[in-house]
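Let's take a friendly walk through a protein model. Please have the sequence and the 3D view open as you read.

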Amino acid sequence: MSKKSSADMRQHLIDIAKALMAGKGYTAVGLAELVAAAGVPKGSFYYYFKSKEEFGHALLDDYFSSYLQTVDALLAGPGNARERLLAYFDYWRTTQASSAPEGKCLVVKLGAEVCDLSVDMGTVLQHGTGAILERLTQCLEAGHLDGSVAATTPARVLAESLYQLWLGASLMVKVSRSGGPFDSAMSTTQRLLS
């Protein structure tokens, strides 16, 4: 591995951890496994992060930063607000039904686990999911204005319902090892937007 700056090495560790933790979870991935996969000496981890908790915080910050860029691009894409919302949920279905750990939703994989372990990581999850809900709310409000979302439910309430529906569907996809829950979630989403 070529010599990397401190910021590059921090990012490299985070990138490696995303795939590992998306597949196994936060507590199941030990530091020895992480540094071996990243190709760095174990002791050097603490040069970049004071603790595994600080690392988890940085991992979630990085995840939300990247994910929110994707959400913004999808919700600003072509079509009316309803079409953009459906494109977002179609993206969710496609990425979360894949067997590859890359692109998996860390909220689904780590949410319950890290909230019980760390108040700081729970706060990052709360802020990140709040930012997603804000974007969904704005798109739903745009849909009320352009007439593509006919639902009379207040935009924030509908955004929360849809987000929770898709989080639950993601868990059920894991349990059933089938994409059926996403088909059901999409059908329910279309009905709720009408």
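## The largest pocket

The largest pocket in this predicted model has a volume of about 320 Å³. Its lining is made up of 19 residues. If you want to find the centre of the pocket, look for Gln96, Ser98, Lys104, Val173 and Lys174, which are the lining residues nearest to that point.

Which helices give two or more residues to this lining? They are H1 (6–24), H5 (81–97), H6 (106–117) and H8 (155–176). The largest share comes from H8, with 3 residues. Sorted by chemical character, the lining holds 8 nonpolar, 7 polar and 4 charged residues.

## Helix H5

Let's turn to one of the helices that line the pocket. H5 is built from 17 residues. From its first C-alpha to its last, H5 reaches 24 Å, close to the 24 Å expected at 1.5 Å a residue.

Several residues of H5 are buried: Ala81, Arg84, Leu85, Leu86, Tyr88, Phe89, Trp92, Thr95 and Gln96. You have already met Gln96 as one of the residues nearest the centre of the largest pocket. The cover over the buried residues of H5 includes H4 (52–75), H7 (119–146), H8 and H9 (180–193).

Now look at the N-terminal end of H5, where Asn80 acts as a cap. A side-chain oxygen of Asn80 lies 3.1 Å from the backbone nitrogen of Arg82.

## Val149, a residue in a loop

Next, find Val149 in the loop between H7 and H8. Is Val149 buried or exposed? Val149 counts as buried because its relative accessibility is 3%, and the cut-off for buried is under 20%.

What does Val149 touch, once neighbours within four places in sequence are left aside? Its contacts are Arg82, Leu85, Leu140, Gly143, His144 and Leu193. Arg82 is also the residue whose backbone nitrogen lies 3.1 Å from the side-chain oxygen of Asn80. As for Asn80 and Val149, they are 69 residues apart in sequence, and their C-alpha atoms are 9.2 Å apart in space.

## Helix H6

Our last stop is another helix from the pocket lining. H6 has 12 residues, and the reach from its first C-alpha to its last is 15 Å, close to the 16 Å expected at 1.5 Å a residue.

The buried residues here are Leu106, Val107, Val108, Leu110, Gly111 and Val114. Among the elements that cover the buried residues of H6 are H1, H4, H7 and H8. H1 and H8 also give two or more residues each to the lining of the largest pocket.

Methods:
Residues are numbered from 1 along each chain as its sequence is written. This is a predicted model: local features need pLDDT of at least 70, side-chain atom pairs count only at pLDDT 80 or more; totals for chains, interfaces and linings use all residues. Side-chain values use heavy atoms; hydrogens and water are left out. On a 1 Å grid over the protein atoms alone, a cavity is a set of points where a 1.4 Å probe fits but cannot get out, and a pocket is an open set with protein on both sides within 12 Å along at least five of seven lines; lining residues have an atom within 4 Å of a point. Grid points are joined across faces, edges and corners, and a volume is the space filled by probe spheres set on the points. Helices (H or I, at least four residues) and strands (E, at least two) are DSSP runs, numbered from the N terminus. Ala, Val, Leu, Ile, Met, Phe, Trp, Tyr, Cys and Pro count as nonpolar, Asp, Glu, Lys and Arg as charged, and the others, Gly among them, as polar. The expected span of a helix is 1.5 Å times one less than its number of residues. Buried means under 20% relative accessible area, exposed over 50%, partly exposed in between (1.4 Å probe, protein chains only). Contact means heavy atoms within 4.5 Å. A polar contact is a pair of N or O atoms within 3.5 Å; within protein, one must be able to donate a hydrogen and the other to accept it, and residues adjacent in sequence count only if both atoms are side-chain atoms.
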